[in-house]
Amino acid sequence: MAKIIIDGRKVEAKNGATVLETARELKIEIPTLCYHKDLTPFGACRLCMVEVKANGEWKLTSACTTPVTDKMEIKTGSDRVKESRKFAAGMLYYKYPGDPVIRDMAGRMGVEVDGSGPAKEECILCGLCVRACREAVDVCALKFEDRGPGRDVEEPKIEFDPAACIGCGSCAYVCPTSYVKMETSGGKRTIWNKVFRMAQCRVCGRYFAPEEQLDYISRKTGVKKSKLMVCTSCR
Ligand code: SF4
Ligand code: FES
């Protein structure tokens with residue numbers, strides 16, 4: 001265990017835990033957008049900034065990517081922290097003024113928000129979908145595409161590989177702005193504009209998973225697809 005001081009409280013933190021995980025254990029609220037507890041932290045949104053004392057000096061750092069160390073001192077609610085989060089939220093709002101989640105977050109961080117314009121869900125490049133596809137599903141149908149020199153260098157974008165996607169929906173589930181849309185109706189699911197045929201449970205007849213997802217699980221596990229054709233409620 002690491003002995004730390006967080007917001008003036010002396011506590012013990014798990015070795016290897018991040019500042020964010022430690023703060024959450026202690027019910028200290030730190031805002032996040034690009035973080036998911038089951039995925040590798042990415043440090044993209046900068047909303048989780050905290051102050052950490054290192055070599056006698058207070059420095060701003062992202063709580064989701066910083067591991068706690070013995071004798072660390074942390075401030076999660078100082079004026080500097082609030083200013084830094086407001087700045088990060090302001091940058092996001094400047095880029096995505098129509099996104100309802102960004103508007104809400106920016107407002108909560110003290111940014112003046114004009115909510116009168118049309119609302120539009122945006123991809124804020126948090127990378128959660130890319131990480132979910134790669135780390136949780138082990139598929140890699142999504143990746144950041146750097147548009148390269150001579151083009152729009154500043155703005156990477158998400159590239160989708162339709163041949164690799166199995167239609168599992170994990171990317172839509174983790175997307176914080178609901179930009180990734182998934183529609184499932186009857187025997188069809190559409191995600192990233194790819195249409196999947198849904199498999200029917202052989203007990204209750206309900207459509208429960210894309211055929212391609214079951215093919216993938218069968219290939220990975222060696223379990224025959226016929227054995228997978230039962231939904232979770234009928235198992
Ligand atoms: S739906 Fe496709 S892109 Fe999204 S996580 Fe699943 S496999 Fe990856
Ligand atoms: S949640 Fe830490 S940088 Fe986004």
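Student: How much area do domain 1 and domain 2 bury between them?
Tutor: About 920 Å² in this predicted model, and 60% of that is on carbon and sulfur atoms.

Student: What kinds of residues sit on the domain 1 side that touches domain 2?
Tutor: That side divides into eight nonpolar, two polar and three charged residues.

Student: OK, and how many salt bridges go across?
Tutor: Zero salt bridges turn up across the interface of domain 1 and domain 2. What you do get there is three residue pairs in polar contact, with both residues at pLDDT 80 or more.

Student: How many residues are in contact on each side?
Tutor: 13 from domain 1 meet ten from domain 2.

Student: Back up a sec, where are the domains in the sequence?
Tutor: The domain assignment puts domain 1 at 2-108 and domain 2 at 128-234. Their centres, taken over C-alpha atoms, are 31 Å apart.

Student: Switching to pockets. What's the volume of the largest one?
Tutor: About 270 Å³.

Student: Which residues line the largest pocket?
Tutor: Among them are Ala-44, Cys-45 and Arg-46, then Phe-87 and Ala-88, plus Met-91 and Leu-92. Lys-95 and Tyr-96 line the pocket too, as do Ile-124, Leu-125 and Cys-126.

Student: How does that lining split into nonpolar, polar and charged?
Tutor: Ten nonpolar, no polar and two charged.

Student: And how many cavities of 30 Å³ or more are there?
Tutor: The count comes to two. The largest cavity holds about 100 Å³ of space.

Student: Which residues are closest to the centre of that largest cavity?
Tutor: Cys-133, Ala-141, Cys-165, Cys-168 and Cys-171, out of 17 residues that line the cavity.

Terms used. Residues are numbered from 1 along each chain as its sequence is written. Chains are lettered from A and ligands numbered from 1 in the order in which they are written. This is a predicted model: local features need pLDDT of at least 70, side-chain atom pairs count only at pLDDT 80 or more; totals for chains, interfaces and linings use all residues. Side-chain values use heavy atoms; hydrogens and water are left out. Domain bounds come from an automatic or database domain assignment. Contact means heavy atoms within 4.5 Å. Buried area is the accessible area (1.4 Å probe) that two parts lose on being put together, summed over both. A salt bridge is a side-chain nitrogen of Lys or Arg within 4 Å of a carboxyl oxygen of Asp or Glu. A polar contact is a pair of N or O atoms within 3.5 Å; within protein, one must be able to donate a hydrogen and the other to accept it, and residues adjacent in sequence count only if both atoms are side-chain atoms. Ala, Val, Leu, Ile, Met, Phe, Trp, Tyr, Cys and Pro count as nonpolar, Asp, Glu, Lys and Arg as charged, and the others, Gly among them, as polar. On a 1 Å grid over the protein atoms alone, a cavity is a set of points where a 1.4 Å probe fits but cannot get out, and a pocket is an open set with protein on both sides within 12 Å along at least five of seven lines; lining residues have an atom within 4 Å of a point. Grid points are joined across faces, edges and corners, and a volume is the space filled by probe spheres set on the points.
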